[in-house]
Amino acid sequence: MTNEVKVWDLFVRVFHWSLVGAFVVAWFSEDVQRLHVLSGYTVAGLVLSRIVWGFIGSRHARFSDFVPTAGEFIDYMKAMLRGRPPHYTGHNPAGGAMIIALLASLLFTALSGIATYGSEGKGPLVGLMSSLGKDAGGAIEEVHEFFANLTVLLVGLHVAGVIAGSLLHRENLIRAMVTGRKRNH
Ligand code: HEM
Ligand code: HEM
């Protein structure tokens, strides 16, 4: 279509749908440890590479393009409550803030998972966890569970935001995350 521009580069799109896949597998595989650890490490690797891409990627993939200031975020939320949020070609300020929350929560989930794994005598954090004493394992597993649940909550809000944004602007944001193209205004 003539009135469309390329917004999401290939990296962002492959990253997004791989992340969804790896996260879903990790969430449902806690009883199959090999699969859980493999999918969990995949989430960690994807998030770390996305952070690097946030500095060197294409225009709308960069943190500098979408991390909002507090003022921008508040103004956008007010406009959204009035039902008239302005249209953004890249991420809107609410979406941008959510991305940071998602990436941080995913990273804490994976890190605390690796620490829990370490408390079971496996993985790279065995030394650290054994130096913290025998009660640390149970505590860190609680932390791991907390962040996994927090991430699921954020994902729910994220998907609700995507659907709301799609309806308000009559544009299919989910399709845009597949094709990489969005309306140019
Ligand atoms: C495990 C579940 C999910 C996670 C962790 C997640 C995470 C993310 C992240 C980190 C981004 C930022 C993309 C970037 O710039 O790199 C994003 C964007 C996006 N996600 Fe998801 N997502 C999840 C599920 C979904 C689902 C199920 C949908 C569709 C219903 C979806 C639709 C989108 C769309 C449309 C965007 C672009 C938002 C915009 O237009 O500003 N996501 N997601
Ligand atoms: C990032 C995505 C991940 C998600 C969504 C996730 C989710 C979960 C959940 C919901 C539990 C159950 C917690 C409980 O009921 O106590 C769990 C347990 C666990 N996770 Fe993860 N996890 C992730 C990543 C990882 C990683 C990267 C590792 C290690 C390399 C890991 C290692 C573990 C271990 C060792 C347990 C305890 C299982 C047991 O011994 O019963 N997780 N995870």
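Which of the 20 residues around ligand 1 come nearest?

## Basis of the model

The model is predicted, so local features need pLDDT of at least 70 and side-chain atom pairs count only at pLDDT 80 or more, while totals for chains, interfaces and linings use all residues. Residues are numbered from 1 along each chain as its sequence is written, and chains are lettered from A and ligands numbered from 1 in the order in which they are written.

## Surroundings of ligand 1

The residues that come nearest to ligand 1 are F23, H91, G95, L173 and M177, out of 20 around the ligand. A residue is near a molecule if its C-beta atom, placed from the backbone, lies within 6 Å of it. Two or more residues of this shell are given by each of α1 (10-28), α5, α7 (136-168) and α8 (173-179). Helices here are DSSP runs (H or I, at least four residues) and strands likewise (E, at least two), numbered from the N terminus.

Helix α1 provides the largest share of the shell around ligand 1, six residues. The shell divides by class into 15 nonpolar, four polar and one charged residues. In this scheme Ala, Val, Leu, Ile, Met, Phe, Trp, Tyr, Cys and Pro count as nonpolar, Asp, Glu, Lys and Arg as charged, and the others, Gly among them, as polar.

## Surroundings of ligand 2

Around ligand 2 there are 23 residues, of which A26, G40, G113, Y117 and A148 come nearest. At least two residues of the shell are supplied by each of α1, α2, α5 and α7. The most come from α5, which gives seven residues. By class, the shell around ligand 2 has 12 nonpolar, seven polar and four charged residues.

## Overall architecture

The protein has eight helices and two strands, and from the N terminus on its elements run β-α-α-α-α-α-α-α-α-β. The C-alpha trace spans about 60 × 30 × 30 Å along its principal axes.

Of the 185 residues, 22% count as buried. The term buried applies if 20 or more other C-beta atoms lie within 10 Å of a residue's own, exposed if 12 or fewer, and partly exposed in between, with C-beta atoms placed from the backbone. Among contacts between residues at least 6 apart in sequence, 62% join residues at least 24 apart. Two residues are in contact if their C-beta atoms, placed from the backbone, lie within 7 Å.

## Packing of α5 with α2 and α7

Two packed helices are described by the angle between their axes and the distance between the axes. Helix α2 (residues 33-56) packs with helix α5 (residues 93-119) at an angle of about 140 degrees, and their axes are 9 Å apart. Axes are lines fitted to C-alpha atoms, for helices over the stretch in contact, and angles run from 0 to 180 degrees between N-to-C directions. Helices α2 and α5 are therefore oblique to each other; angles under 35 degrees count as roughly parallel, over 145 as roughly antiparallel, 65 to 115 as roughly perpendicular and the rest as oblique. On the α2 side, V37, G40, V43, A44, V47, R50 and I51 meet L103, L106, L107, A110, G113 and Y117 of α5. This contact of α2 with α5 comprises 10 nonpolar, two polar and one charged residues.

The axes of α5 and α7 come within 8 Å and cross at roughly 155 degrees. Helix α5 is therefore roughly antiparallel to α7. The contact of α5 with α7 has 15 nonpolar, 12 polar and one charged residues.

## Individual residues

R181 is placed in strand β2 (residues 181-183). This residue is partly exposed, because 14 other C-beta atoms lie within 10 Å. Leaving aside residues up to four places away in sequence, R181 touches E4, V5, K6, V7 and A176. R181 and D9 are 172 residues apart in sequence, and their C-alpha atoms are 9.1 Å apart in space.

R170 lies in the loop between α7 and α8. Its phi is near 45 degrees, a positive value in a residue other than glycine. R170 is exposed, with 7 other C-beta atoms within 10 Å. L10, in helix α1, is also exposed, with 10 other C-beta atoms within 10 Å. From L10 to T42 the separation is 32 residues in sequence and 18 Å in space, C-alpha to C-alpha.
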